[in-house]
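Here is a friendly walk through one protein model, from helix packing to empty space and a few backbone details. Keep the viewer open as you read.

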Amino acid sequence: MQSRFILALLTLVIGWPLAVQGQETAAVDTATRFQLPATDEGLAGEGPLRRQDWFQNVWRKRRETFAANAESKQGHVVFLGDSITQGWQDDFRGDFKSIEPANRGISGDTTRGMLLRLGEDVIDLDPAAVVILAGTNDLEEGAEPQTIAGNMQLIVNALRAHDAEMPIVICNVFPSHESKKRPADKIKKLNQLYADLAKKDGNVIVLDTWTMFANDQGNAKKEEFPDLLHPNAVGYAKWEAALRPVLATLGFVETEDDDFVIEEGFESLFNGHDLTGWGFRKTTDAMLKSRDRWQSRDPHAPAWPIVESDVAFDGKSKTPEGRYVAIHDRLVVTTPPEGRKIQQLWTTREFPNDFELRLEFRATPNADSGVFIRAPQLQCRDFALAGPYKNLKNYAPQQWNTLVVAVHGGVAHCSCNGEVIEEAMKVPETGPIGLEGDRGQVEYRRIRIKTQP
């Protein structure tokens, strides 16, 4: 009964031609099989659907290619998009060797076009995950952000009807330029609507691929987008680097355990396999006051759940709702569906003596986290975009970076990749080590400490 309901829903929502068991399906000539409908009548979604001769030719040829490699792409990660996705080439230039994703980008396509072909090009592959970059061509055709976001919601609904647990990664629409009929204000509005869409679905991850590309005016940069629309090799490399941490957390890349050997005199605070030694601590009165003050003056203040009592996660691989997860020797602070959500994971131990804390972290674009040193927070973010240390020369965006905190006599000296970020941060006499979650995804690994008597 459930499978029949799903088939009926997909037929109604996206016009996907489905064969009901027991019925004969007529053979369809390839030339007409991939031909665009002559009119919009009866088609799902709203907004533009391109029918220029050049586009019809690209649409047909690309979809013939998709049909030819469909069998070999069963169960793979699928990239759905337009010319930017197509331009990554069908082999993604070797950037994702371990997963061999399926490229389902068609140059010039709109979200309504993607909705129309979603069933055969994407859902028929029974994908492990779907990565979507879509909407820029709709803007060129004059569609409003609300219309585009409505089509994206229908795409998500259809994917959910097929597999309720399948991860969906929506990439922010890249910046472009007014001269391309893609003004910054419309792109920012569309990206905000995509973020609002994700709040309704815990398995939709929105990746900030706008901030990392936009200049001070919110437009594309010539050195990354020569035509102010399509990325060059530098742009694709940045997109791949932004996606890699998320794909690793979803279990598609970097699936081997870390072979790091801890230094003599240090002890590990994270065993790499579960959250033993870590937990939530009861929300303090000071935190409650800070939370209430923030939320009372800012209607867009992030969610900040209250913890009623201490709880330890010994032997558990993740916290409730999966905000903190142990994956292949990485302690991951995952992207919250709410966009921003303040949470804190603490060691169950306290550290009263002088110590040196060492760890490595990696952040998605514009992600925001922090490391608590007994109580004060040392900002640990995608420093290049989120600050506060934007001028670091050695910081590597979306790569692993080393943080060292040396506490002596109630003062912490902190560095990132050898560059001093806090010369003398005052800390209490004792307290735990904590990791904050706020915006985006931040990963930690090789967390170890050397205490002094």
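Contact here means heavy atoms within 4.5 Å. The model is a predicted one, and every value below is computed from it.

**Three buried strand residues**

With that cut-off in hand, start at V442, a residue of strand β19 (residues 442–451). Setting aside residues up to four places away in sequence, V442 touches L331, V332, V333, R362, A363, A367, D368 and S369. Buried means under 20% relative accessible area, and V442 counts as buried because its relative accessibility is 1%.

Strand β11 (residues 340–347) holds I342. The relative accessibility of I342 is 3%, so I342 counts as buried. Apart from neighbours within four places in sequence, I342 is in contact with W294, P302, A303, W304, P305, E436, G437 and D438.

R104 belongs to strand β2 (residues 102–105). With a relative accessible area of 1%, R104 is buried. Leaving out neighbours within four places in sequence, the contacts of R104 are F66, N69, A70, K73, V78, F79, L80, G81, R117, D121 and L125.

If you would like some distances to check in your viewer, each of these residues has a partner in the table.

| C-alpha pair | Separation along the chain | C-alpha distance |
|---|---|---|
| V442 and M152 | 290 residues | 26 Å |
| I342 and V156 | 186 residues | 26 Å |
| R104 and R330 | 226 residues | 31 Å |

**An enclosed helix**

Two of the contacts of R104, R117 and D121, are also among the buried residues of α5. How many of the 11 residues of helix α5 (residues 111–121) are buried? The count is 9, so helix α5 is largely enclosed by the rest of the structure. The buried residues are T111, R112, G113, M114, L115, R117, L118, G119 and D121.

**A helix pair**

Two packed helices are described by the angle between their axes and the distance between the axes. For helix α7 (residues 145–162) and helix α8 (residues 184–198), the angle is about 30° and the axes are 9 Å apart. Their crossing is right-handed. On the α7 side, the residues that meet α8 are P145, Q146, I148, A149, M152, Q153 and V156. On the α8 side, K186, K189, L190, L193, Y194 and L197 take part. By class, the residues of this contact are 9 nonpolar, 2 polar and 2 charged. M152 and V156 both appeared in the table above.

**Empty space**

Rolling a probe the size of a water molecule over the atoms shows where empty space is left. The largest pocket has a volume of about 830 Å³. Its lining is made up of 31 residues, and those nearest the centre of the pocket are Q192, A195, G339, R340 and R439. Two elements, α8 and β5 (204–207), give two or more residues to this lining. Which element gives the most to the lining of the largest pocket? It is α8, with 6 residues. The lining of the largest pocket divides into 14 nonpolar, 10 polar and 7 charged residues.

As for enclosed space, a search of the whole structure turns up 1 cavity of 30 Å³ or more. The largest cavity holds about 40 Å³ of space. Lining the largest cavity are I84, L133, A134, T136, V173, F174 and L229. The division there is 6 nonpolar, 1 polar and no charged residues.

**Backbone details in loops**

Finally, here are some backbone points to inspect. G387 and P388 are joined by a cis peptide bond, with omega about -5°. P388 sits in the loop between α11 (383–386) and β15 (401–408).

K181, a residue other than glycine, has a positive phi, near 60°. K181 is found in the loop between β4 (168–171) and α8. Is K181 buried or exposed? At 56% relative accessibility, K181 counts as exposed, since the cut-off for exposed is over 50%.

Phi of L228 is also positive, near 65°, in a residue other than glycine. The loop between β5 and α9 (233–249) is where L228 lies. L228 has a relative accessible area of 13%, so L228 is buried.

Note on methods:
Residues are numbered from 1 along each chain as its sequence is written. This is a predicted model: local features need pLDDT of at least 70, side-chain atom pairs count only at pLDDT 80 or more; totals for chains, interfaces and linings use all residues. Side-chain values use heavy atoms; hydrogens and water are left out. Axes are lines fitted to C-alpha atoms, for helices over the stretch in contact, and angles run from 0 to 180 degrees between N-to-C directions. Helices (H or I, at least four residues) and strands (E, at least two) are DSSP runs, numbered from the N terminus. A crossing is left-handed if the near helix is turned anticlockwise from the far one by less than a right angle, and right-handed if clockwise. Ala, Val, Leu, Ile, Met, Phe, Trp, Tyr, Cys and Pro count as nonpolar, Asp, Glu, Lys and Arg as charged, and the others, Gly among them, as polar. On a 1 Å grid over the protein atoms alone, a cavity is a set of points where a 1.4 Å probe fits but cannot get out, and a pocket is an open set with protein on both sides within 12 Å along at least five of seven lines; lining residues have an atom within 4 Å of a point. Grid points are joined across faces, edges and corners, and a volume is the space filled by probe spheres set on the points. Buried means under 20% relative accessible area, exposed over 50%, partly exposed in between (1.4 Å probe, protein chains only).
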